[in-house]
Amino acid sequence: MKRILVVDDEKLIREGIQEALSEEGYTVFAAANGNEAIKALQVFIPDVIITDIIMPEADGIEVLMNAKKLQPKPRIIAISGGGRISANDHLATARKLGADYILTKPFSIETLLEAIESQ
Amino acid sequence: MQFQNVSYRISSSERDFLRMLFQHSPLAYFEFNRFLRLSYINEQGINFSGYRQDEKIYRLTDFVPVSGSLRKQWEVNSTGTHLTEVGLQGKNGIRLYLNCLWWIIDNKGTFDGIACLGFDSTRYHQMMEELQKSTSQFKEFAQLLPETVFEMDTDGNFLFLNESSFEVFGYSKGDRINAFDMFVPEELPRIKENMKRTLSGEKIKGNAYLAKRKDGSTFPVLIYSDIIYQGGKPIGFRGFVVDISHIRMAEKALLESEEKYRSLTNRLPVGIYRTNREGKLLYANPAFIHMLGYDSPEEAFAHPVQDFYSEPDEREKLLQPLEPGEEYYQPEIHLKKKDGTRIIVKDRGKVYKSPEGQIYYDGIIEDITETHLLEEKLKQAEKLQAIGTLAGGIAHDFNNLLMGMQLYTEMALKEAGENEKLRKNLEKILLAQERGKQLLQQIVSFTNYPEDYPEKINLKDTVNNILDLIKDTIPETIDFRTDLNDCGLVNMKPVHVHQILQNLITNAIHAMEGKGRLTVTIRCSGKNGAAEKDRQTKHTGRYAIVSVEDTGCGISDKNINRIFEPFFTTKDVGLGTGLGLYIVHNLVKKYNGEIQVRSHPGEGTVLQIFLPIME
């Protein structure tokens, strides 16, 4: 089963996703911000990274940049609840920087599963 | 204000300026109305004649010998090229003489009186009388005078010249002087002609000439003369030459200051006025006339000033408490143009009181309508922007909350299994969550999504298609009409056109409460100034104007400035989000358009959307 790293500073969401995906049988690791995620990536390479964009310390974009250097390449799903000024421009940036999938919060578990499994 | 050098005419409103200028002048200033009765007299005039302004019985004909049509005579003869001497009866019965420059006062082409600026020449007449009494006395007397006194034969050879003459004309005692050398050559034919006419017994009016000093310099003079008889035959003339530089200088200074004042006030972009207590406009520069939309000064002068105010009693309220000498400043006054359009002006001025007790208001108005509108718009835009930023910030956190709601509800749904009641309740939470998500999307829908690529669409076709969809939602009791012109292409997403129309039509239907007329039109505007900001884009400078007009309840003045604010609604709780017009406003702005609203409570509302037409 796939190994997934969930990065979100919002505890409610981080734990929710972790729980939902674990129930689906995935091995899920969680990081509370970009720094934690980047540290984790030095230890292991997950199959899929689900990362929020706006976070304190290092943000999702940094996580994404670090992940792109990894070998083998993990799939990257960028998620965001919208920026402070406009809604989706951060996700568009993430897309440009190589995110495989972008999701606007809120989304359903089903949508997330599709994103994980789509190739 | 204008002086035509040839005809010396002034308009009746310009007369006020003359009064002001000559009020304290050392020269006497009189005005006679169209019935030739004294209508104004300055301080020096009162000193001179002993008459006061209110002595209306004093008639011009009492001291000016006239024959035939007086008006004609003044127009033909007294054209200001020379001074005219008039004799008059002073208050105390003494015969007085005045040498005057005359103006015809002209009121829209109608003779409205005569004005005279002059100096007292009584003294010279008294001397002439003395002189006729005794020749020997005369010579002693003459030597003492500061003016030129002469006796000469008919060829201009002097028989006598007093001391002052040499000084005045710059000659030395030994110089041989001929009278004709003492004037510029151009004057000689007239001098000789007048001498001839005097000898034949005629009274000469034009006795002002340009004299020449020994050094060639010139100065204007007046000559008072009489014939010398010897054995019953005329042998020459005796008289005075009076330097009238001062009156000519006053006249020149007047013309110059007039010219400066006129060209300055005519070019100023602010309106300059003088009004009196009763509300008569006495003076106004072209900018003032233009600002109020009148075609000519005469047209504006025909109105009482109260007519220019949006609220006729506003002027009274503003000016009533002011005392003469006080200055006033009104940062915002609402005026009404000839066609009824309202303008907002700044008004700044001062109150004056004339010696006759008349109260004047001299002031400047500046049209600030445009600035005022821009400020209002800016305030509105800033407010919306601030709310937009706030909404964006809330959206991020709010979405996270919704995300949590969705995640846990979905997980709980899984756990619920066969428990139908629990499933239903959880599904309701999901439904509420979905509505929250849509609401939030509406709030932030105006922001620029990079993936939002507008397309060039034919507005008429798009609107037509959308109206086809919306038509079914319009109650049958509402008379629905359309008039769609094809203005060409606009650069928009069709979904946004839909969103705009849907919102406007929903509001219109609500406002009509089931009955009325709903009209949707598209009109094409010509090029206009509003397009300036889009110069860099491919915008043609023309706009398609989409109007949605209803005959509903209208929007009150109190609310009209707030309709574009988010969450502002007049609908009952639960019926409106207060986001419809906010979204329309933001979408229209996003496409560099404009939105305008006109509404009369009880009659209906028109919302106009201006969308730039593309090449």
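These legends go with close-up views of a predicted model.

**View 1. The open sheet of chain A.** Chain A has 5 helices and 5 strands, and if you walk along its sequence they come in the pattern β-α-β-α-β-α-β-α-β-α. The 5 strands line up as an open sheet in the order β2-β1-β3-β4-β5, with parallel pairing. β2 (27–31) and β5 (101–104) of chain A sit at the edges, and each has a single partner strand, so one side of each is left without a neighbour in the sheet. From one strand to the next, the twist averages 20°. For the chain as a whole, 42% of the 119 residues are buried. Take the contacts in chain A between residues at least 6 apart in sequence, and 62% of them join residues at least 24 apart.

**View 2. One edge of that sheet, with a helix across it.** Here β1 (residues 3–7) of chain A runs parallel to β2(A), and 5 bridges join the two. To get your bearings, find R3(A), whose bridge partner in β2(A) is T27(A). Helix α1 (residues 11–23) of chain A lies across β1, β2 and β3 (48–52) of the same chain. Which way does α1(A) run relative to β2(A)? The angle to β2(A) is about 170°.

**View 3. A hairpin in chain B.** Strands β12 (residues 271–276) and β13 (residues 281–284) of chain B run antiparallel and are joined by 3 bridges. One handy landmark is T275(B), which has L281(B) as its bridge partner in β13(B). The two strands form a hairpin with 4 residues between them. Look in the turn for G279(B), which has a positive phi of about 100°.

**View 4. Strand β23 of chain B and its partners.** Is β23 (residues 604–614) of chain B mostly covered or mostly open? The strand is mostly covered, with 8 of its 11 residues buried. β22 (residues 594–600) of chain B pairs with β23(B) in the antiparallel sense over 7 bridges. One of the pairs to look for is H600(B) with G604(B), its bridge partner in β23(B). β22(B) and β23(B) make a hairpin with 3 residues between the strands, and G602(B) takes a positive phi near 90° there. β19 (residues 489–492) of chain B also pairs with β23(B) in the antiparallel sense, over 2 bridges. In that pairing, L489(B) stands opposite M614(B) of β23(B). As a general reminder, strands of a sheet pair through backbone hydrogen bonds, either parallel or antiparallel.

**View 5. A covered helix in chain B.** Helix α17 (residues 580–590) of chain B is mostly covered, and 9 of its 11 residues are buried. Which residues of α17(B) are buried? They are G580(B), L581(B), Y582(B), I583(B), V584(B), H585(B), N586(B), L587(B) and V588(B). Just after α17(B), check the backbone at N592(B), which takes a positive phi of about 60°.

**View 6. A proline in a loop of chain B.** P312(B) is in the loop between α10 (297–301) and α11 (314–319) of chain B. Why does P312(B) count as partly exposed? Because 14 other C-beta atoms lie within 10 Å of its own, whereas a buried residue would need 20 or more and an exposed one would have 12 or fewer. L335(B) is 23 residues away from P312(B) in sequence, and the two are 9.4 Å apart in space, C-alpha to C-alpha.

Terms used. Residues are numbered from 1 along each chain as its sequence is written. Chains are lettered from A and ligands numbered from 1 in the order in which they are written. This is a predicted model: local features need pLDDT of at least 70, side-chain atom pairs count only at pLDDT 80 or more; totals for chains, interfaces and linings use all residues. Two strands pair if DSSP finds at least two bridges between them. Axes are lines fitted to C-alpha atoms, for helices over the stretch in contact, and angles run from 0 to 180 degrees between N-to-C directions. Two residues are in contact if their C-beta atoms, placed from the backbone, lie within 7 Å.
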